[in-house]
Amino acid sequence: MADLFTPLQVAGRRLANRIVMAPVPSGLAGRDGFCHAALVSYYERRARAGVGLIVTEPLLICEPGEPAAHLGIWHDGFLPGLRRLSAAAHAFGSRIAFLLEAPAVVVPAASLIELFLQAAWRALAAGADGVFLSIADDGALAQLVSPRFTASNGSAVGDRIHPVLAIIEQIRQRFGRRLWVGLRMPAAELIPSGLSQQDARLIARRAVAAGAQILDVTVTRYTPDVARFPGWTIPLITGIRRIASEAVVIGSGQLSDPLLADAVIQDGSIDLVMLCTALRVMPEWPQMARRILFPVSVE
């Protein structure tokens, strides 16, 4: 039976354990988009502590419309800093995947696909193990897919997801086993006019068929009256896992208690546990979790 510290093979690469760092902003990015030393150190500390998989904060595939703090991957000039980031993770046995994001701007679908493919090539050139696309946050792909956005209304989710599937398929065709491709997606959007769980299941099935090897299934949209407690998202995520069993499924949702994180791995609800706040405020969380789960008695 697998536990939180059981290694896992993902498309030919070994994860040392089941702990994943969430793709949340570090607060260390600058307006120039470059990966500076302070940011590399931020991720390096989590790798040194034993995180199995680091998913970076969003890397923009095109220049932002207005000056803002960001990490960039829209130009080859960003590669040296991104190589240092990948090397810092690998030095301590962590795997690293770049979350590729397009700002929420109007870009023709064909141009958007090409921009993602160019960014995926740069991720490979920078030494990343994989890339993620996201329809769970507020970027261009989410705006294409979610009925929350006016432009998406009036068409079926199966039609709206086509550009995302095309990106996944073409990344797999171009880079094969050299680069993981994953999709960050909602288990459901628990708000009026949001994606339903039925929509999410359709997206998951089609994403895996297109070549997605990892699904980061989350719940980022919910109304204030939704009850949230440790593990509250797991039943929703498990519903996605059942129909996407060919993929590795990452789950999150207040799983910072090591005993709970270990339990959802052991009972097969999810394959990997993603942590956000816990790793932000306690970078050495993996070491603490190991001490709790595998105490050493001293006589």
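The second largest pocket of this predicted model has a volume of about 350 Å³, where a pocket is an open set of points on a 1 Å grid over the protein atoms alone, with protein on both sides within 12 Å along at least five of seven lines, and a volume is the space filled by probe spheres set on points joined across faces, edges and corners. Of the 20 residues that line the second largest pocket (an atom within 4 Å of a point), Pro-58, Leu-60, Ala-69, His-70 and Glu-101 are the closest to its centre. This lining divides into 12 nonpolar, four polar and four charged residues, with Ala, Val, Leu, Ile, Met, Phe, Trp, Tyr, Cys and Pro counted as nonpolar, Asp, Glu, Lys and Arg as charged, and the others, Gly among them, as polar. Local features rest on pLDDT of at least 70 and side-chain atom pairs on pLDDT 80 or more, whereas totals for chains, interfaces and linings use all residues. Residues are numbered from 1 along each chain as its sequence is written, and side-chain values use heavy atoms, with hydrogens and water left out.

The largest pocket has a volume of about 550 Å³, and of its 25 lining residues the closest to the centre are Thr-218, Ser-252, Gly-253, Gln-254 and Cys-276. Two or more residues of this lining come from each of β12 (272-275) and α10 (277-281), helices (H or I, at least four residues) and strands (E, at least two) being DSSP runs numbered from the N terminus. By class, the lining of the largest pocket has 14 nonpolar, eight polar and three charged residues.

One cavity of 30 Å³ or more is counted, a cavity being a set of points where a 1.4 Å probe fits but cannot get out. About 40 Å³ of space lies in this cavity, which is lined by Met-21, Ala-22, Val-24, Tyr-42, Leu-275, Cys-276, Leu-279 and Arg-280.

The largest nonpolar core, a set of buried Ala, Val, Leu, Ile, Met, Phe, Trp, Tyr and Cys residues joined through side-chain atoms within 4.5 Å, has 90 residues, and those with the most contacts inside it are Leu-4, Phe-98, Leu-215 and Trp-285. Beyond its neighbours within four places in sequence, Trp-285 is in contact (heavy atoms within 4.5 Å) with residues including Leu-4, Ile-19, Leu-255, Leu-275 and Leu-279. Apart from the largest core lies another, of 16 residues, among them Val-10, Phe-132, Trp-180 and Val-248. Buried residues (under 20% relative accessible area, 1.4 Å probe, protein chains only) make up 55% of the 299 residues in the protein chain.

Key
Buried means under 20% relative accessible area, exposed over 50%, partly exposed in between (1.4 Å probe, protein chains only).
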